[in-house]
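Thanks for sharing this one. Here are a few notes to read alongside the coordinates, going from the sheet to the packing around it.

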Amino acid sequence: MAGSKRLTQHDIAKLAGVSQATVSLVLNGTDTALDRIPQDTRERVQKVIRDTGYVADPIARRMVKGVNRILGVFTYEPAFPSAQADFFAPFLLGIEEEAQAQSYDLLLFTGAGVGGRRKIFADGNRLRIADGCLVLGREFDRFELTQLVAGDFPFVAVGRREDAGGPVPYVGGDYAEATRVLVEKARLLGHRKLAYIGPKGSAESTADRWKGFSEALKDKLDLSLHIPAVNAPAGETLDALLSSGATAAFFIELADAIRLEAAAHERGLSLPADLSVVVIGSHIRPERSRTQFTSFHIPREEMARQATAMLVRRVENAEPVQQILLPCEPVEGETLGPAMRRK
């Protein structure tokens, strides 16, 4: 019988002297359902399965369980190849590693809306091909996030997200605390006048950095300069910093800090002897420097791994919403030193 055709559950049922429904329960049933089958019946079915070498059809079994063992990945910005590849690559690596460990395949969604803007719920949306979806991006579409929260489709955000009609499941980095730690380190080195180069929001990752920075100032430190933009001309930024009296500048973007260092070098100035620089950003614009800037490490791979594991739990066990922030360890670097008195 086994040599002539593929065995079916019907065949196993005949050999074991039970109904096909009983065989299906033994193969796919929950513990509660299995308790309704006598022990000797279960053992008889399992013996026939062992003796015949029966292997369940994986597609049929997935249909019974209601899962395809596919996780979707949606990014609001192009993940690769692009100028943002360095930003997304660690996330994608962590997702891939954990999905493989959990025996899930991955499906990349690239839905586009009006004007090429990526939309999760674009026309012809195919989200439900996957069992659940991981969502990445610097800024999410708030309307779409509200739809996800209100729906029954399992998802997890990589990065902290504000409530959207309800709590959002996420795994993120604790940028506020990491920034606070670096401000405190600057204070202990004698810095009293600080500058902040970058916006206050609106993305949660940006807002968290500003929150950590502003709360750490308290009554002990002064914000001497705030340039609420990125990619400003380095020379103008350096002029503003020197005029403000700030002795330490906190940059949202690594690229801006690199270009400021070059502008300072052209004027015979050096970091941190003449100006301390701290980078608290996400390093999304690809530029390279031999200088190791004082910063903090963003655990992107671990964020992605834990988010993927969380999504699997939500798919398989309907786990309730969890929100996890991982610590961001300080990077000593070479650009934060004792405060120098300005003439």
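1. How many bridges join strand 3 to strand 4, and do they run parallel or antiparallel? The model, which is a predicted one, has three bridges between strand 3 (residues 132-136) and strand 4 (residues 155-158), and the two run parallel. If you want one pair to click on, valine 135 has alanine 157 in strand 4 as its bridge partner.

2. Zooming out, these strands belong to an open sheet of six, ordered 2-1-3-4-5-11, with parallel pairing. Strand 2 (105-109) and strand 11 (323-326) are the edges, each pairing on one side only. From one strand to the next, the twist averages 20°.

3. Now for helix 12. This helix lies across strand 1 (70-75), strand 3, strand 4, strand 5 (170-173) and strand 11, and runs at about 170° to strand 4.

4. Next, the packing. The largest nonpolar core has 43 residues, and those touching the most other members are Phe91, Leu194, Phe213, Phe250, Ile280, Phe296 and Met303. Helix 12 (residues 300-317) supplies the largest share of this core, seven residues. Apart from this core lies another, with 21 residues, including Leu254, Leu260, Ala264 and Leu275. As a general background, nonpolar side chains in soluble globular proteins tend to be buried together.

5. Finally, a residue to look at up close: phenylalanine 250. Leaving out residues up to four places away in sequence, Phe250 touches Leu182, Val183, Ala186, Leu194, Ala195, Tyr196, Ile197, Phe213, Val278 and Ile280.

Methods. Residues numbered from 1 in each chain as written. Predicted model: local features only at pLDDT ≥ 70, side-chain atom pairs only at ≥ 80, totals over all residues. Heavy atoms only, no water. Core = buried A, V, L, I, M, F, W, Y, C linked by side-chain atoms within 4.5 Å. Buried < 20%, exposed > 50% of the residue type's maximum accessible area, 1.4 Å probe, protein only. Helix = DSSP H or I, 4+ residues; strand = E, 2+ residues; numbered from the N terminus. Contact = heavy atoms within 4.5 Å. Pairing = 2+ DSSP bridges. Axes fitted to C-alpha atoms, helices over the stretch in contact; angles between N-to-C directions.
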